[in-house]
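Work through the following exercises with the structure open beside you, and try each task before reading its solution.

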Amino acid sequence: MANRYKSELRVRIDEPPPPKFDAADDDSPGSRGIDGDDGGGEGEHSVRFKPSANNVTEDQEPFMGFKVRRKASLHRDYKGDYLDVLSHPFLMKILQKQGDKQVLFADKVLKFTGSGKMKRRILLITDFALYIVDPETDALKRRIALAAVEKMCLSELSDNFFAVIVPTEYDLLMASTRKTEIVTVLVEATKSASDYELEVNFSNRFEYNAAAELVKEIQFAEVEGGVKTKITRK
């Protein structure tokens, strides 16, 4: 019976072309968030974008030495906004409604639902919160205050997975070719917004809450030609 809850994922995400807002299904019913909120409402707030440093240093990536990284990610320039947020009114409306004024990162990612499905989502990181947006419906699915994030979990291998651990709610498991930049931005944003530094844990096996009452374990192993990922329900 235990096998029915196991799945093996071989996820390879090629470096994305200029973003196109493609279709994505709704999140699983067990997810808690801001489903159905299209971020509507007018606001007087302006949104500005923080430029990224052209060269990645160890100060910008305090976790760099603990990872076996893809060569392409070692000295990659950081752009921050890969979606041109200003050109998408629905994203601007969401940010204006919430009152966030500084966008640190914007890109499309893969999000894993409690049922194990992969959904294309937009990830926005501001100086106060993390946003998950459905690009098909233009709906804000979830907003997580940076102060609610306890830590991030990553493997020690050259894969694209990362988990955002949120003890007061449920966690996020996502995948992105820009994982290094995402972690760096979250660490720096948390440090700027509070008096603590976000914990970044590295392990080839860790647990996360896929839903409010659903714990899963993800395992990573090197295989010929890449990294094999197995997700098991606990």
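**Exercise 1.** Find which residue of β13 stands opposite V223, and describe how strands β12 and β13 are joined.

Solution. In this predicted model, begin at V223, whose partner across the strand pair is G226 in β13. Next, take the two strands as a whole: β12 covers residues 214–223 and β13 covers residues 226–233, and they run antiparallel with 8 bridges joining them. Finally, look at the connection, where 2 residues lie between the strands of this hairpin, and where G225 in the turn has a positive phi of about 90 degrees.

**Exercise 2.** Test whether the span of helix α3 agrees with the number of its residues, and then decide how many of these residues are buried.

Solution. Helix α3 comprises the 15 residues 179–193, and because each residue is taken at 1.5 Å, with one less than the number of residues counted, the expected span is 21 Å. The C-alpha atoms at the ends of α3 are 21 Å apart, which agrees with that expectation. For burial, the cut-off is under 20% relative accessible area, and 11 of the 15 residues in α3 meet it, so that the helix is mostly covered. Among them are K179, E181, I182, V185 and A189.

**Exercise 3.** Characterise the protein chain as a whole by its secondary structure, its burial and its contacts.

Solution. Counting elements gives 3 helices and 13 strands. Of the 234 residues in the chain, 50% are buried, while the exposed surface comes to about 11800 Å², with carbon and sulfur atoms supplying 47% of it. Among contacts with a separation of 6 or more, 61% involve residues 24 or more positions apart.

Notes: Residues numbered from 1 in each chain as written. Predicted model: local features only at pLDDT ≥ 70, side-chain atom pairs only at ≥ 80, totals over all residues. Heavy atoms only, no water. Helix = DSSP H or I, 4+ residues; strand = E, 2+ residues; numbered from the N terminus. Buried < 20%, exposed > 50% of the residue type's maximum accessible area, 1.4 Å probe, protein only. Contact = heavy atoms within 4.5 Å. Areas by Shrake-Rupley, 256 points an atom, 1.4 Å probe, with all protein chains shown as cover. Pairing = 2+ DSSP bridges.
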